[in-house]
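Me: I am new to this structure and would like a close look at a single part of it. Please take one helix, and explain how it is placed and what surrounds it.

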Amino acid sequence: MASESFPVILLVMDEESEHSHAVHILAKYRFSNSLIRLRRPLDLARYFSDADVPGISSKVAPELVVFSTSETSIDQFCSSVEFARSQIKETPLIVVAPSIDAEKTLAGFRLPLTYVIGRPLGFFKLLEAMQKLGMYWTVRRSPD
């Protein structure tokens, strides 16, 4: 069988438990996307620039970025999301908001190619966000 390349999803998650949960969700539903994880929100800017990113040997252009941090200060969280959007430009961004207040604030920004969902991250929330962004083709299932 010819090898087919699957779209890359870039996960920006500082909490190990949330990253493990996201990977588990995708594996449970047998999705075969390549996943790249960044552990610090500031690494997102480095990833999209010429700078080195700790733990990343080669950079691949992702089809989707899922951005989630444990930051609870709405101002700091919103600043990091706005900064991320300026760095990733045309790449769709799904933001997992750390609180209901942050979710409402971020939704008010109406950033292009950005969809905000609340915690906890779940498969159907992720799928709904991708559908809203017109990205139903991004997540690929493995054959049985």
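Reply: A good part to choose is helix H1, residues 16–28, which in this predicted model lies across strands S1, S2, S3 and S4 and runs at about 155° to S1. The length of H1 agrees with what its residue count suggests, because 13 residues at 1.5 Å a residue should span 18 Å, and the end C-alpha atoms are 18 Å apart.

The next matter is which residues of H1 are hidden. Glu-18, His-19, Ala-22, Ile-25 and Leu-26 are buried in this helix. They cover an arc of only 125° around the axis, which puts them on the same side of H1. On the face turned away from that buried side, H1 carries the exposed residues Ser-17, Ala-27 and Lys-28. The buried residues pack against S1, S2, S3 and S4, and also against helix H5, residues 123–132. After the helix comes Arg-30, with a positive phi near 55°.

His-19 makes a useful example, since this residue is found in H1. With a relative accessibility of 15%, His-19 counts as buried, because the cut-off for that word is under 20%. When neighbours within four places in sequence are left aside, His-19 is in contact with Leu-11, Met-13 and Arg-37.

The strands that H1 lies across belong to an open sheet, in which five strands follow the order S2-S1-S3-S4-S5 with parallel pairing. At the edges are S2, residues 34–38, and S5, each of which pairs on one side only. Neighbouring strands of this sheet are turned by 20° against each other on average, if direction is ignored. Strand S1, residues 8–13, runs parallel to S2 and is joined to S2 by five bridges; in one of these strand pairings, Val-12 has Leu-38 in S2 as its bridge partner.

For comparison, it helps to look at helix H3, residues 74–88, whose 15 residues reach 21 Å from the first C-alpha to the last, close to the 21 Å expected at 1.5 Å a residue. In H3 the buried residues are Phe-77, Cys-78, Val-81, Ala-84, Arg-85 and Ile-88. They cover an arc of only 125° around the axis, which puts them on the same side of H3. What covers these buried residues includes helix H2 (42–47), strand S3 (64–68), strand S4 (93–97), helix H4 (100–109) and strand S5 (114–118). Following H3 is Lys-89, where phi is positive, near 50°.

One of the buried residues of H3, Arg-85, also leads to strand S5, where Thr-114 is placed. The side chain of Thr-114 makes a polar contact with the side chain of Arg-85, at 3.0 Å. Thr-114 counts as buried at 16% relative accessibility, and, with neighbours within four places in sequence left aside, its contacts are Arg-85, Leu-93, Val-95 and Leu-133. Helix H4 lies across S4 and S5, running at about 165° to S5.

A last residue to find in the picture is Val-60, which sits in the loop between H2 and S3. Val-60 is partly exposed, with a relative accessible area of 40%. Not counting residues up to four places away in sequence, Val-60 touches Val-8, Ile-36 and Tyr-47.

Technical notes:
Residues are numbered from 1 along each chain as its sequence is written. This is a predicted model: local features need pLDDT of at least 70, side-chain atom pairs count only at pLDDT 80 or more; totals for chains, interfaces and linings use all residues. Side-chain values use heavy atoms; hydrogens and water are left out. Helices (H or I, at least four residues) and strands (E, at least two) are DSSP runs, numbered from the N terminus. The expected span of a helix is 1.5 Å times one less than its number of residues. Buried means under 20% relative accessible area, exposed over 50%, partly exposed in between (1.4 Å probe, protein chains only). The arc is that of the directions from the helix axis to the C-beta atoms. Contact means heavy atoms within 4.5 Å. Two strands pair if DSSP finds at least two bridges between them. Axes are lines fitted to C-alpha atoms, for helices over the stretch in contact, and angles run from 0 to 180 degrees between N-to-C directions. A polar contact is a pair of N or O atoms within 3.5 Å; within protein, one must be able to donate a hydrogen and the other to accept it, and residues adjacent in sequence count only if both atoms are side-chain atoms.
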